[in-house]
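Biologist: I am new to this structure and would like a close look at a single part of it, the surroundings of the ligand. Please take me through that part with care, and then go on to whatever else helps to place it.

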Amino acid sequence: MCRPPANDAPHADAPPPRVCRVLIAGAGPAGLLLHALLHHRNKSSASRAGVTYRVTIVDGRQDLGLLTPEELRANHRSWMIGLSGHGLEAVRSVPGLWEDYLSEGVGVKLMEASLILGSRKINATQPEAEGFIVDRNFIVAAMARYARDRIWSLSTDHVFRYGTDLLYVDHDNRRVLLRDRATKVEEYASYDLLVGADGVRSVVREALVKRHVDTELQTNDMINLSMGVPRNLFNAISDDLKSDDPTVVAAYLRKNFKAFELDSNDAYLDWATQWVNQRWNLTGQVHCNRYHSVECGIVMMGDSVHATSPSIGMGMNTALRDAQKFLELLEEYDDNLDAVLPRYSVDRVPEGNALTNLAMNLFCFNTRVYMKTLVKSIVRSGLNYIFPKFVDPDPNALLGRPEHTLSYVYNMAVDQGIIVRHREINMRIRQEFFERRTGMVTIKEKKNSLVSLAMYVALAAIVPAAIMAGKNNI
Ligand SMILES: Cc1cc2nc3c(=O)[nH]c(=O)nc-3n(C[C@H](O)[C@H](O)[C@H](O)COP(=O)(O)OP(=O)(O)OC[C@H]3O[C@@H](n4cnc5c(N)ncnc54)[C@H](O)[C@@H]3O)c2cc1C
């Protein structure tokens, strides 16, 4: 898949060095992390197969790493993200990235997590579970700054192209069509490995679907509003939360949002300001059964293959983990992409789909049913505390813990009956909501209830009559 460089004569006793031209589509969390990891792979003596990765990273947007923290704060906020175990381990696998660029000033450390039952507050903090709340753009800016300081300025093997859109993948010829947003100039760029880290509306994914007819892909599932509020419950949200005034929102959050506490009033105000500035929007769900193509030299990561509702807060964590795991496979298989790519799908497809299915069905859109689930989970957690050998923990408690994969958590949620119970209800509610919103269904529910009532009355009359008739015939 990778080729010897044209001018380099092969070394006498070592395998010939090879250059692998990698084109990463998307300088989001997944793309930037993979880029940094490949740089360290180049430097590392572990690359015994002698492969050098020459990486071009392409993104349609501007380089956020060039902005000052003030500019970022004022004009480039996106949405707040929980950075937890999986993501933390992934970013810490790049030397210096966490310590020098991400640990200070990028996010707010989570201090306490609680469950609220009526007026009772139950401390659910897991001392060993570390977590931060970060703005997606702040983390991207910090990673881009790292790349600028530590990679692009030092290595000619890495090229970045911001303001450049990837328009089309010519997978037969292993090249992509790029267009510069400013000049509108279009050109082809060749690759040996194309990384689709281009988010929910991925262009790279289209090539995968076209080339492999067995690709199962579902992208049309628009599900949630902003911070994971199911659409059917939007009207139930307090008006304070819909306010344009950050102080109103901050006061509401401080008083009512008890799942975790922030360490200062300023932190609440900061969160509220960001909340007010972000649009209420829909987010799509992507379900995909393969994340690679050996034939096309493609590997996919992040939201491009597993975008979902933010309800369990694991999208970016999983995107970062994808990049880290891909690098681990390069190490394991000595950079042999023909072996790495299929194995990557085997390992990551269950994770990506566990992520999307947990996000969709760990919680229930029906409040009454969800309250029952919550009570069960509290009882379960208590029993698990006393009899850890006999009672499994509540799956929620394992989310984000780096030692547990998402597929392990999903398996546990299936085993405890949560997924099956919620999936049926959530699918019905979403379908009914869609039918009414699009005008497919306009009837009022009352008509049907009248018919049901009449049916019950009729049955009440017919059944005793039939029994009597039966008795008379004996
Ligand atoms: C409201 C909200 C809350 C969230 N909360 C959490 C949370 O608490 N925890 C968590 O882990 N995750 C959370 N997420 C999810 C998280 O934001 C994503 O999973 C994460 O950003 C995915 O990273 P990525 O690198 O795969 O893709 P993206 O962040 O989408 O980056 C893709 C990049 O590709 C570029 N691009 C796209 N198409 C092209 C093209 N054709 N040509 C060139 N460039 C292109 C884009 O400009 C972008 O920079 C949340 C998401 C939302 C919307």
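Modeller: This is a predicted model, and in it 33 residues surround the ligand, the closest being G26, G28, G199, G302 and G315. The elements that each give two or more residues to this shell are helix 1 (29–43), strand 2 (51–59), strand 3 (80–83), strand 9 (164–170) and helix 10 (315–332), and it is helix 10 that gives the most, with four residues. Sorted by character, the residues of the shell around the ligand comprise 15 that are nonpolar, twelve that are polar and six that are charged.

Turning from the ligand to the packing of helices, the axes of helix 11 (residues 337–361) and helix 14 (residues 406–415) come within 8 Å of each other and cross at roughly 50°, an angle that makes helix 11 oblique to helix 14 because it falls in neither the parallel, the antiparallel nor the perpendicular range. The crossing of these two helices, helix 11 and helix 14, is left-handed. On the side of helix 11 the contact is made by P350, E351, A354, L355, N357 and L358, while helix 14 contributes L406, S407, V409, Y410 and A413; the residues of this contact divide into eight nonpolar, two polar and one charged.

Finally, an unreviewed UniProt entry carries the annotation "transmembrane region" for residues 450–470, and in the model the chain over residues 450–470 is 100% helix and 0% strand, with its end C-alpha atoms 30 Å apart.

Conventions
Residues are numbered from 1 along each chain as its sequence is written. This is a predicted model: local features need pLDDT of at least 70, side-chain atom pairs count only at pLDDT 80 or more; totals for chains, interfaces and linings use all residues. A residue is near a molecule or strand if its C-beta atom, placed from the backbone, lies within 6 Å of it. Ala, Val, Leu, Ile, Met, Phe, Trp, Tyr, Cys and Pro count as nonpolar, Asp, Glu, Lys and Arg as charged, and the others, Gly among them, as polar. Axes are lines fitted to C-alpha atoms, for helices over the stretch in contact, and angles run from 0 to 180 degrees between N-to-C directions. Angles under 35 degrees count as roughly parallel, over 145 as roughly antiparallel, 65 to 115 as roughly perpendicular and the rest as oblique. A crossing is left-handed if the near helix is turned anticlockwise from the far one by less than a right angle, and right-handed if clockwise. Two residues are in contact if their C-beta atoms, placed from the backbone, lie within 7 Å. UniProt positions are given in the numbering used here, feature names are shortened, and annotations may be inferred rather than shown by experiment.
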